[in-house]
Amino acid sequence: MHEDNHDRRHQGIGDVVPWERFRLATAEPAVPVEPTEEPSTTRRVGRTGKISFAAVLYPVGVWLDGETVDVSVADGLVSIHHQGVLVATHAQRHRPAKEKPALKRKARASRPRPKQATVGQSVTRKVDSSGNVSFAGHGYRISKKHCRRQVQVAIVGDTVEISAGGELLKVHPIRHDRSRENGAFVNAGGRPSRINAA
């Protein structure tokens, strides 16, 4: 290291040793610059990977679908951060007059998305008037709001999953006689039998 900096001459700096160039540097202490805090707001990333800010859509990334990001504007640039990490920067495309109201608005609280039902062997049943589904000789409670609705019943591990249209409605621990499951699945995916249809 000493030889490289003090003895060996370098063509890239005029055939002198690096120390000759280091000597020219001033020893004045650097003055720390106070960081300026830009006004910011939050937005929720949509399914297409974009956010809406001041009536303009700015791309962020589909991998952040449903996540909340921080948005700030400075020097004609829109900066988007996720958990303190800069994930996107765009040239400002919105009207300056719309920026102040947009910065005052925050992201709406997200509603939890319905859980997806597990894909596997299932059988169709109809919810009775009391909000129950019969499977393998046992009644499993769902809700009266699903009365007369056709649902899918599946066994997942040690639980009974009840779903409709791919949306998971209810999960129960298995309470039926497991030896009766094969009979319950004989008509898998078909119409409910008259016994199980209320």
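Q: Which residue of strand 12 stands opposite Ser163?
A: In this predicted model, the residue opposite Ser163 is Leu168 of strand 12.

Q: How do you know that strand 11 and strand 12 count as paired?
A: A pair of strands needs at least two bridges between them. Strand 11 (residues 159-164) and strand 12 are joined by six bridges, so they count as paired, by the rule of at least two. The two strands run antiparallel.

Q: What makes strand 7 and strand 12 edge strands?
A: The open sheet they belong to has four strands in the order 7-10-11-12, with antiparallel pairing. Strand 7 (122-126) and strand 12 (167-173) each pair on one side only, and they are the edge strands. Neighbouring strands of this sheet are turned by 30° against each other on average, with direction ignored.

Q: Why is Val171 called buried, partly exposed or exposed?
A: Val171 belongs to strand 12. Buried means under 20% relative accessible area and exposed means over 50%. The relative accessibility of Val171 is 41%, so Val171 counts as partly exposed.

Q: Which residues does Val171 contact, once neighbours within four places in sequence are left aside?
A: Val171 is in contact with Thr159, Val160 and Glu161. As for Ala154, its C-alpha is 9.7 Å from that of Val171, and the two residues are 17 apart in sequence.

Q: Why is Ser72 called buried or exposed?
A: Ser72 sits in strand 4. The limit for a buried residue is under 20%. Ser72 has 14% relative accessibility and therefore counts as buried. Leaving aside neighbours within four places in sequence, Ser72 is in contact with Glu38, Pro39, Ser40, Leu77, Val78 and Ser79.

Q: How do you know that strand 1 and strand 4 are paired?
A: Five bridges join strand 1 to strand 4 (residues 68-74), and because at least two are required, the strands are paired. Two of the bridge partners can be named: Arg43 has Val69 as its partner in strand 4, and Thr41 has Val71. The two strands run antiparallel.

Q: What joins strand 4 to strand 5?
A: Strand 4 and strand 5 (residues 77-82) pair over five bridges in the antiparallel sense. Asp70 stands opposite His81 in strand 5. The two strands form a hairpin with two residues between them, and Asp75 in the turn has a positive phi of about 55°.

Q: In what order do strands 1, 4, 5 and 6 lie in their sheet?
A: These four strands form an open sheet in the order 1-4-5-6, and the pairing is antiparallel. Its edge strands are strand 1 (40-44) and strand 6 (85-91), each pairing on one side only.

Q: Which residues touch the most other members of the largest nonpolar core?
A: This core has 16 residues, and Ile51, Phe53, Tyr58, Val69 and Ile80 touch the most other members. Strand 2 (50-53), strand 3, strand 4, strand 5 and helix 3 (99-104) each supply at least two residues. Strand 4 gives the most to this core, with three residues. Val69, leaving aside its neighbours within four places in sequence, has contacts that include Ile51, Leu64 and Ile80. Another core, of 15 residues, lies apart from the largest one and has Val160, Ala164, Ala184 and Phe185 among its members.

Q: Why is the pair of Phe135 and Phe185 called stacked, tilted or edge-to-face?
A: The search of the whole structure finds one aromatic pair. Ring centres must lie within 6.5 Å, and planes over 60 degrees apart count as edge-to-face. The centres of Phe135 and Phe185 are 5.3 Å apart and the planes stand at 65°, so the pair is edge-to-face. Both Phe135 and Phe185 are buried.

Q: What does the pair of Phe135 and Phe185 tie together?
A: Phe135 lies in strand 8 (residues 132-135) and Phe185 in the segment after helix 4 (181-184), so the pair ties together parts that are 50 residues apart in sequence.

Q: Where is the pLDDT below 50?
A: The mean pLDDT of the chain is 82, and 83% of its residues reach 70 or more. Over residues 189-193, however, the pLDDT is below 50. Beyond near neighbours in sequence, this stretch has nine contacts in the model. Where pLDDT is low, predicted coordinates should not be read in detail.

Key: Residues numbered from 1 in each chain as written. Predicted model: local features only at pLDDT ≥ 70, side-chain atom pairs only at ≥ 80, totals over all residues. Heavy atoms only, no water. pLDDT = per-residue confidence, 0-100. Contact = heavy atoms within 4.5 Å. Axes fitted to C-alpha atoms, helices over the stretch in contact; angles between N-to-C directions. Buried < 20%, exposed > 50% of the residue type's maximum accessible area, 1.4 Å probe, protein only. Core = buried A, V, L, I, M, F, W, Y, C linked by side-chain atoms within 4.5 Å. Phe/Tyr/Trp six-rings, centres within 6.5 Å; stacked < 30°, edge-to-face > 60°.
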